[in-house]
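Q: Could you take me through one part of this structure up close, in plain language? I'd like to know what it is packed against, and then what sits around it.

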Amino acid sequence: MALLKDEVQNEVKERFKKLSGSVRLVNFTQKIECHHCEDTRRLIEEIASFSPKISSEVYDFVIDKEKAQQYKIDKIPAVVVEGGKDYGIRFFGIPGGYEFNSLVSSIIDVSRGTADLSPESKDKIGKINKPLHIQVFVTLTCPYCPGAVQMAHKLALESEYIISDMVESAEFPHLTNKYGVMGVPKVIINEKFGFEGALPESSFIDAIMKASR
Amino acid sequence: MELDFVLSREEKGPAGKTELIYDLAIIGGGPAGMTAAVYAARKRIKTLLISNDLGGQVLWTTEVENYMGYQYIEGTQLMNKFKEQVRQFPIDQEIGEEIEKLDKEEKFFSLLTRTGKKFRAKTVIIASGKRSRPLNVPGEKRLIGRGVSYCSICDAPFFEGKEVAVIGGGNSAFEAALDLVKIASGIYLIDIASSWKADPILVEQIEKEKKKVTFFPAHRIKEIEGKDKLEGITIENLSRKETKHLPVQGVFIEIGLIPNSEFVRSLVKLNQIGEIIIDCSNQTNIPGLFAAGDVSSVPEKQIIIAAGEGAKATLTAHQYLIRLK
């Protein structure tokens, strides 16, 4: 049985009609599938069937160790959304609930190969010249969270130095403990600096720039 | 829990250039703003809709049972239906934008967004709604995201098996308590009033959970404690002035709302609680400037009232535009 309801399927298909460049969804799971690993894989395969522009690849986190290393995947379930190249856009944990929006929007952005950020924002991001790792912690019931995830993913798309992860809090309690996440969205930059809440574009980018110095 | 996949409606980008002068700018995309936009489009008024999001406060409402036409609908679903209706019309939209400043120049209103975008319009409807009211007690601001929360549906999963406090006595506090009762090990429900303002139907539901819920009416929060993480709160009994420490790990603040009217504070008359004062045709004291919904002084804040007010504001703005010509 399909994971997505008919009405959601139809709407997604409609939006994917506009896709230009091809998109590859790279999924990491394992043989005995973890909590939500199976659903994530099924979701990715289902979405790939909606458009000829989208393909899916499924790897075993343990067996395909080299692939996991190549994409720097350290936990599963994981999904990489890539286009002509790997932009650094990742989803850890299932992109369900409100985060389904983030997945769909990242596919559309990657297909276009560019994000709809303001010229000033792109200018600022262009100045980043050191690796930057953004982790956005979410819960699937948080309506504010996709705003933060989509913003971080757009930055990853625009800068070759930025890697952006959505991290589903319930799936990775050791990480929520490590970073003291008790409210979402919570954004962690380079494993140390962080802020709470979904910020508008300019403030989000200012926070990132501050952390990248 | 059944896994759900939520897909929000797509938002349309603006087609206009910044030099374009709109007949009407609507600030806010909740029920009032979206209804105003639909009415404007049907009157063929050149309209710009500027909002942080489409849906406003209703997006954080789980269940709606008093919007006519629907016996029961989820807040997001209802707002998706509103968005769908807005999408039928060629309305320019700036979503994800907040207004920093609104001014009246000689003939036009000028709007400046936080990201520096500028727009001009002949008339403006402010429908920017309300947001969560903070307690303003020591420790609160510092511990946001570290145990202090204003969004129970977002953050409840972090408090599994933990003791939490819910502050407030209205519907939103009781709804938060109902969300948390399935997750937390114990809930303290604390309010400054001596009786609950929430609808009896919600109070009855919570009273069934007596084993888990402890009630503290007529108490105020003195302090929220903890260094990097919430460690507890101190409450005080209003009549006897006795204090009590509660070792909670989460505090959900649900004490109502404040109007989003800061950006027009120096332009338009506000009432004591910061709402934009309007007459029964949604007119403010500034000609051409209207307000609708929760940000305005209209008595009673309800989805259905906000929607009606949005419609009325556009019809009044339309009359004003006709006279302007």
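A: Here is a walk along one helix of chain B and its neighbours, followed by a few other spots; keep in mind that the model is predicted.

Let's start with helix α1 of chain B, which runs over residues 31-42. With 12 residues at 1.5 Å each, this helix should span 16 Å, and its end C-alpha atoms sit 17 Å apart, so the two values agree.

Is α1(B) mostly covered or mostly open? Mostly covered: 11 of the 12 residues in α1(B) are buried. Reading along the helix, the buried ones are B:Pro31, B:Ala32, B:Gly33, B:Met34, B:Thr35, B:Ala36, B:Ala37, B:Val38, B:Tyr39, B:Ala40 and B:Ala41. As for what does the covering, the list includes the strands β1 (21-27), β2 (47-51) and β8 (118-126) of chain B, along with the helices α2 (75-87) and α6 (303-324) of chain B.

Those two helices deserve a closer look. Two packed helices are described by the angle between their axes and the distance between the axes.

Take α6(B) to begin with. Its axis and that of α1(B) are 7 Å apart, and the two helices pack at an angle of about 35 degrees. Their crossing is right-handed. On the α1(B) side, the residues that take part are B:Pro31, B:Ala32, B:Gly33, B:Thr35, B:Ala36, B:Tyr39 and B:Ala40. They meet B:Ile303, B:Ala306, B:Ala307, B:Glu309, B:Gly310, B:Ala311, B:Ala313, B:Thr314 and B:Leu315 of α6(B). Sort that contact by class and you get 11 nonpolar, four polar and one charged residues.

Now for α2(B). Here the axes are 9 Å apart and the angle is about 25 degrees. Angles under 35 degrees count as roughly parallel, and α1(B) and α2(B) are therefore roughly parallel to each other. The crossing of α1(B) with α2(B) is left-handed. Which residues meet there? From α1(B) come B:Pro31, B:Met34, B:Ala37 and B:Val38, and from α2(B) come B:Phe82, B:Gln85 and B:Val86. By class, this contact has six nonpolar residues, one polar and no charged ones.

If you put the two lists next to each other, B:Pro31 turns up in both: it is among the residues of α1(B) that meet α6(B), and it is also among those that meet α2(B).

Just past the helix there is a backbone detail to spot. α1(B) is followed by B:Arg44, which has a positive phi, near 60 degrees. Most residues other than glycine have a negative phi, and most peptide bonds are trans. B:Lys241 is another residue with a positive phi, about 60 degrees, although it is not a glycine. You'll find B:Lys241 in the loop between β15 (232-237) and β16 (243-246) of chain B. B:Lys241 counts as exposed because it has 7 C-beta neighbours inside 10 Å, and 12 or fewer is the cut-off for that.

Chain B has another helix pair worth a look: α4 (residues 171-181) and α5 (residues 200-207), whose axes come within 10 Å and cross at roughly 30 degrees. That angle makes α4(B) roughly parallel to α5(B). This crossing is left-handed. B:Asn171, B:Phe174, B:Glu175, B:Ala177 and B:Leu178 of α4(B) make the contact with B:Leu202, B:Val203, B:Gln205 and B:Ile206 of α5(B). The classes here are six nonpolar, two polar and one charged.

After α5(B) comes a loop leading to β13 (213-216) of chain B, and B:Lys210 sits in that loop. B:Lys210 is exposed, with 9 other C-beta atoms within 10 Å. Its C-alpha atom is 9.9 Å from that of B:Gly186, and these two residues are 24 apart along the chain.

Finally, a glance at where chain B meets its partner. 30 residues of chain A are in contact with 25 residues of chain B. On the chain A side, the elements giving two or more residues are α1 (6-16), α4 (100-112) and α8 (201-212). Of these, α1(A) gives the most, with four residues. That side of chain A divides into 14 nonpolar, 10 polar and six charged residues.

Methods. Residues are numbered from 1 along each chain as its sequence is written. Chains are lettered from A and ligands numbered from 1 in the order in which they are written. This is a predicted model: local features need pLDDT of at least 70, side-chain atom pairs count only at pLDDT 80 or more; totals for chains, interfaces and linings use all residues. Two residues are in contact if their C-beta atoms, placed from the backbone, lie within 7 Å. Ala, Val, Leu, Ile, Met, Phe, Trp, Tyr, Cys and Pro count as nonpolar, Asp, Glu, Lys and Arg as charged, and the others, Gly among them, as polar. Axes are lines fitted to C-alpha atoms, for helices over the stretch in contact, and angles run from 0 to 180 degrees between N-to-C directions. Angles under 35 degrees count as roughly parallel, over 145 as roughly antiparallel, 65 to 115 as roughly perpendicular and the rest as oblique. A crossing is left-handed if the near helix is turned anticlockwise from the far one by less than a right angle, and right-handed if clockwise. The expected span of a helix is 1.5 Å times one less than its number of residues. A residue is buried if 20 or more other C-beta atoms lie within 10 Å of its own, exposed if 12 or fewer, and partly exposed in between; C-beta atoms are placed from the backbone.
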